[in-house]
Amino acid sequence: MSMKTSDVIFKQRIKEQMQDGFMRKSVANAQERMFTNRQLAADKLGNWDEWRENGMEIRNHVLDNLDYYLHQLSENVQKTGGHVFFAETSQQATDYIENIIKEKDAKKIVKSKSMVTEEIGLNEVIQRNNCEVIETDLGEYILQVDDCDPPSHIVVPALHKNREQIRGVFEDKIGYAGSSDPEEMTRFVREHIRHDFLEADIGITGCNFAVAESGSISLVTNEGNARLATSLPKVHIAVMGMERIVPTFEELDIMVSLLCRSAVGLPLTGYVTAITGPRESNDMDGAEEFHLVILDNGRSDILASEFKSILRCIRCAACVNTCPAYRHIGGQSYGSIYSGPIGAVLSPLLGGYDDFQDLPYACSLCQACNDVCPVKIPLSDLLLKHREKMVIKKITPLAERLTVSAFNYLNSSPKLWNMSMKIGGKVAPKVIKDGKLPINVGAIADWTEARDLPQPDGDSFRSWFANRDADTPVSGTAAVTGIVEAKVKANKSEK
Amino acid sequence: MMKVNFFVTCLCDVVKSNVAKKTVLLLEQLGCEVLFPKEQGCCGQPSLNSGYIESSKPAMKSLIRAFEGNEYPIVTPAGSCAAAVKKYPEYLADEPEWAARAQAVSDRLFELTQFIVNELNIENVGAKLPGRGVYHPSCSLIRKLGVREEPLKLLGNVEGLELVAIKNQETCCGFGGTFSIKMSEISGEMVKEKATNITAVTPDYLIGADVSCLMNIAGRLSREGKTVKVLHIVDVLMSNIVDSLTVEVN
């Protein structure tokens, strides 16, 4: 799987997804739970807006000095005996990892959850080298055994499945015979994959934040699988997006505080791990060999564009958990491993408009995402920016371009607009009857699929206003003026 | 007497003209002289929110010009249109002179409840409306304009009106302008959920301060045959004041 997860056209995809009642219920429940917990955790911490402001400044500072911190990080990883590879493209990243697999003659790899390894389609590359790869994050594991079902959420990848469905997957694929109790299923998987950790030649992880001052990588997890994956196999490969750096542990503290609360509504997750280089002679455990793959894959282009702020993202999914569009269509509708508002901004940037041109429109511009983002990314503004880009590139539909041109022509001429409004005011009440128009095509048909048209009030306002001096005052107005004035005065004097 | 300009917005001009008329009457009741610069057009959201920024510029400039005839405040009963105009300076950033003119207009522009509460310093207009109402805080008011308390203050002082909370109150109703057409499937599901959450508390009224959201929710309630009356906040504030004009939005 690479970033793109579906070849079906967008409208067809959402139609299919929206018919999945199980998925929609799972998503709605999970969204509400995560949204509430996030809010509680933020309120409990206090001064949440200042924390966000801090988070934003740290991320901006790193992005403004990314060359410096990348250099510092690389130097420090190498000082501790680790290897650093900077991959401009996903191909370069997978080639590098493929070479390690070949060199070590690796037969088995355990992975902890990593979006960036999915972005580069790493699992296929591993498998074509006759090497087995096991996703050890429970959510990722469920999807992997379910014939590589695409993820529907960047933090909780199997969010679209309820516990019964998961039980069914385990029964069919790995011989599970227990109940749908989450703890029982988790225990089963733990036992089922324990030998994989012990046998694996290589452990592959992502990286939540790399700490430039020490050359460490940090992993924020809840299951402890990342610790096993980085300490049992002889080789550890960490893959990170080039922007995921913090200068020192002090900033890491702030970012992790924001991340855990925003992602799962907790002050901390079960495990926050920092790994610095390969094991040293006096270390009890750890990989003997450490590789850090730093991926560009279009990020430096984003850095130089008006979409730069999206690189502040710390992948917490708070935006996903608050998005009303995501709520109804679910993550797989996006056709990208990155879903929700962050996915709708990021996917076209990393994967191009050809595959992802519909995503920026799957948004009502309600801005709920902007308000919850822990690093204050103006997601909704960036989606609008995408629409603007597509207009400039002339890839919007011709009919839309013509309609908008006609609208802008009328609207830029006060005379024509005045006339249109007056005519509209006369015609609308005559043609709209009981919430319907006699013709039901195009935009009208789209609107009336779920709702009726409004019943117009009658003549346009501007016609009324122009004639009102000539008319007698609206009945009742004069009579109550005195009452209103008296009440208003009373209200003012109370203040 | 305070002079104000009225920015009608196209939906209030053509479709929901009673909202516009009542806004003018209310402002007059509250001691304002209302001027209507008739050169004004639409805020341009259908074009701007679809990304056609460049081709929207002549219309944006035309709207700016329309309100430059005086220095009085500009008042509108539609939050999303106010929010759109407040983004003009950003859209026109490449033309500093126009950006400055846009900023000057934007600074004088107020959403109706914002104007009544913060500029006129009135929180009780003397309205009376017995019954249970749900207030829909539209995205443009709470998230774009930061108008959260003002409508609630005004509604809180309406005699006989009890405000009832609903589940996911601040979630978007799914209108989103062209979104409701372009992504009508998603928009439709959003408004269905909103209508379900509203009818769950069996209110007499649904009240909002943005005609477009109300039109969307009303359209769904009407489709479901629900009897909830959909009212613009100005309908509520003018209740028992101008009985002859109390016509619900849908």
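Helix axes here are lines fitted to C-alpha atoms over the stretch in contact, and the angle between two of them runs from 0 to 180 degrees between N-to-C directions. Keep that in mind as we walk through this predicted model, starting with a pair of helices in chain A.

The pair is α9(A), residues 163-174, and α10(A), residues 182-199, whose axes come within 11 Å and cross at roughly 30°. Angles under 35 degrees count as roughly parallel, so α9(A) is roughly parallel to α10(A). The crossing of α9(A) past α10(A) is left-handed. If you would like to find the contact on screen, look on α9(A) for A:R163, A:I166, A:R167, A:F170 and A:I174, and on α10(A) for A:P182, A:M185 and A:H192. Sorted by class, this contact holds five nonpolar, one polar and two charged residues.

Further along chain A there is another helix pair to visit. Here α16(A), residues 340-351, packs with α19(A), residues 379-392, at an angle of about 35°, and their axes are 9 Å apart. Which hand does this crossing have, left or right? It is left-handed, as α16(A) passes α19(A). On the α16(A) side the contact uses A:P341, A:I342, A:A344, A:V345 and A:P348, and α19(A) answers with A:L379, A:L382, A:L383 and A:H386. The class count for this contact is eight nonpolar residues, one polar and no charged ones.

Now let us step back to chain A as a whole. Its secondary structure comes to 24 helices and 10 strands, and its C-alpha atoms fill a box of roughly 95 × 50 × 45 Å along the principal axes. Of its 495 residues, 48% count as buried. Taking the contacts between residues at least 6 apart in sequence, 75% join residues that are at least 24 apart. The domain assignment splits off domain 1 of chain A, made of 59-246 + 275-303, and domain 2 of chain A, made of 414-483. Between the centres of these two domains, taken over C-alpha atoms, there are 60 Å.

Chain B has a domain assignment too, with domain 1 covering 2-118 and domain 2 covering 124-245. The C-alpha centres of these domains of chain B lie 22 Å apart. How many residues does each domain of chain B bring to their contact? Domain 1 brings 29 residues and domain 2 brings 27. On the domain 1 side, the elements giving two or more residues are α1, α2, α3, α5 (79-85) and α8 (112-119) of chain B. The largest share of that side, eight residues, belongs to α2(B). By class, the domain 1 side divides into 14 nonpolar, 11 polar and four charged residues.

Our last stop is where the two chains meet. Chain B gives 75 residues to this contact and chain A gives 66. On the chain B side, two or more residues come from each of α1 (10-15), α2 (17-29), α3 (45-48), α4 (53-66), α9 (139-145), α11 (179-182), α12 (184-199) and α13 (211-223). Which of the elements of chain B supplies the largest share? That is α12(B), with nine residues. The residues on this side of chain B divide into 33 nonpolar, 27 polar and 15 charged. As you turn the model, notice that α1, α2 and α3 of chain B give residues to the side that touches chain A, and that these helices also give residues to the side of domain 1 that touches domain 2 of chain B.

Terms used: Residues numbered from 1 in each chain as written. Chains lettered and ligands numbered in written order. Predicted model: local features only at pLDDT ≥ 70, side-chain atom pairs only at ≥ 80, totals over all residues. Helix = DSSP H or I, 4+ residues; strand = E, 2+ residues; numbered from the N terminus. Buried ≥ 20, exposed ≤ 12 C-beta atoms within 10 Å, placed from the backbone. Contact = placed C-beta atoms within 7 Å. Nonpolar A, V, L, I, M, F, W, Y, C, P; charged D, E, K, R; others polar. Parallel < 35°, antiparallel > 145°, perpendicular 65-115°, else oblique. Left-handed = near helix turned anticlockwise from the far one by under 90°. Domains from an automatic or database assignment.
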